Amino acid sequence: MKIDAEGCPDYGTPGKLYEKLQVLEPEEAPFSPEERLRAMAAPLLAWYESHARILPWRERPEPYRVWISEIMLQQTRVEAVKPYFNRFMEELPDIRALARVEEERLLKLWEGLGYYNRARNLKKAAQVVTEVYEGCLPHTYEELLKLPGIGSYTAGAIASIAYNIPVPAVDGNVLRVLSRLLASREDILRQSVKRKMEAYLQNAMPRERAGDFNQSLIEIGATVCVPGGPPKCRECPLYSLCLGRKQGLLDSIPYKTPKKPRKVEERTILLLEFEGRVAVEKRPGKGLLASLYQFPNLEGRLKEREVKQILESAGAGIKRVEGAGEAKHIFSHVEWHMTGYRVFLETVPQGKYLFADRQELREKYPVPNAFSAYIKALNGES
Ligand code: ADE
């Protein structure tokens, strides 16, 4: 990284396009945090007008669509969400349809997005909305906040984007932008820091453009003031306002308390194949990946000989065993380090297995991403 004359990392000067958006801060009277955030609104909104990505939920920002998109976007990137969102809307076009959907079908629509309780909460909330609010999401921030799975961020996003109610929507992206802008080295994982930022924004929001204001902050966080890499300050409409940049602190902001290391669990995954079908089983109704389907698996990293022994003592007749490779999956608190075997059977072992054909595996049973390397192995891709 280049260093500028003041010994700070040099993020360049804003490109020509952005010069006219820059705000002048008097050197002799630097802005307070409140003033800095108030000064941010005009350049931010001007930038958003020409830089907002065209996204399905933005083209038609109806409350139901905003809600579903925001919950999906908490898990993954915009590009990955688009096909999920479109499929979801096609199959469950309104709140009543969501309230009625079978849990297993809902989980299949959510398959691969992770955090499956979010999908379950969507259905619970849809049932409340159907019973209490005649199928329409409530129109106030406070009532939205009472629904299962809706916290301050989602309530703020729905209220501001769908109803233009002036309330903030502060997620991790917005916290990164604001803490850089204010050169704040407070831990953004702390609730008190989030509450403080929400209070600042509440005062800084233009009343008449609440939805655009919140989305422009989200957009800056996603496309300019990016995580995991240098921010693109030359493209930023907040260039001249950004205290973190001026003070050369962008590498160390946002600050987060380091997390405890994840627990590592070793597992042996069994692809038990019989007459062109493969064994799956339903996970318990509580805990990690509750009620999703999985390939049978055993604790530890077992050798081929040990796998054969275990299966034979459960009554399996084995034709042949092939290695199906190693894979790793990272959850928030645990990592699975897996080794897999394809086991071609003559007779099936005892156990509560369902033998699914390829189409059922694709279209019916929700199997979490943790097993995707083994789905590929079954399909001969790896
Ligand atoms: N990430 C979270 N909310 C978003 C939104 N409304 N548009 C784009 N990215 C987002």
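Reader: How much space lies in the largest pocket?

Author: Happy to start there, keeping in mind that this is a predicted model. The lining of the largest pocket has 41 residues, and those closest to its centre are Leu 73, Gln 74, Asp 171, Gly 172 and Asn 173. The space in this pocket comes to about 1400 Å³.

Reader: Which element gives the most to the lining of the largest pocket?

Author: Several elements give two or more residues to this lining: H3, H4, helix H8 (116-132), helix H11 (172-181), helix H12 (191-204) and H13. By class, the lining holds 19 nonpolar, ten polar and twelve charged residues. The most, five residues, is given by H13.

Reader: Where does the ligand sit?

Author: Let's look at its surroundings, which include Leu 55, Trp 57, Glu 70, Val 78 and Ile 218. Helix H3 (56-59), helix H4 (63-73) and helix H13 (210-223) each supply at least two residues of this shell. H3, H4 and H13 also appear among the elements that give two or more residues to the lining of the largest pocket. The ligand indeed sits in the largest pocket.

Reader: How many charged residues does the shell around the ligand have?

Author: The residues surrounding the ligand include Leu 73, Tyr 153 and Gln 215, along with Arg 58 and Glu 70. Arg and Glu count as charged. Next to six nonpolar residues and one polar residue, the shell has charged residues numbering two.

Reader: What share of the ligand's accessible area does the protein cover?

Author: The polar contacts are a nice way in. A nitrogen atom of the ligand is 3.0 Å from an N or O atom in the side chain of Arg 58, and a ligand nitrogen is 3.1 Å from such an atom in Tyr 153. A polar side-chain atom of Gln 215 is 3.0 Å from a nitrogen of the ligand. Of the 260 Å² of accessible area that the ligand has on its own, the protein covers 95%.

Reader: What volume does the second largest pocket have?

Author: This pocket is lined by 23 residues, with Gly 114, Tyr 115, Leu 288, Leu 289 and Phe 331 nearest its centre. Its lining divides into eleven nonpolar, ten polar and two charged residues. The volume of the second largest pocket is about 530 Å³.

Reader: Which element supplies the largest share of the lining of the second largest pocket?

Author: Two elements are worth checking here, as H8 and strand S5 (317-330) each supply at least two residues of that lining. The largest share is four residues, and it comes from H8.

Reader: What is the volume of the largest cavity?

Author: A search of the whole structure turns up one cavity of 30 Å³ or more. Among its 15 lining residues, Cys 225, Cys 233, Cys 236, Leu 238 and Cys 242 lie nearest the centre. H11 gives the most to the lining, three residues, and by class the lining has twelve nonpolar, no polar and three charged residues. The volume of this cavity is about 130 Å³.

Reader: Which peptide bond is cis?

Author: One to check in your backbone plots leads into Pro 254, in the loop between helix H14 (243-246) and strand S1 (263-274). Omega is near 5° for the cis bond, which runs from Ile 253 to Pro 254.

Reader: What is the phi of Glu 134?

Author: Glu 134 is found in the loop between H8 and helix H9 (141-145). Although this residue is not a glycine, its phi is positive, at about 55°.

Definitions and conventions
Residues numbered from 1 in each chain as written. Predicted model: local features only at pLDDT ≥ 70, side-chain atom pairs only at ≥ 80, totals over all residues. Heavy atoms only, no water. Near = heavy atom within 4 Å. Polar contact = N/O pair within 3.5 Å; in protein donor to acceptor, adjacent residues only side chain to side chain. Areas by Shrake-Rupley, 256 points an atom, 1.4 Å probe, with all protein chains shown as cover. 1 Å grid on protein atoms, 1.4 Å probe; cavity = no way out; pocket = protein on both sides within 12 Å on 5 of 7 lines; lining within 4 Å. Sits in = over half its atoms within 2 Å of the grid points. Points joined across faces, edges and corners; volume = space filled by probe spheres on them.
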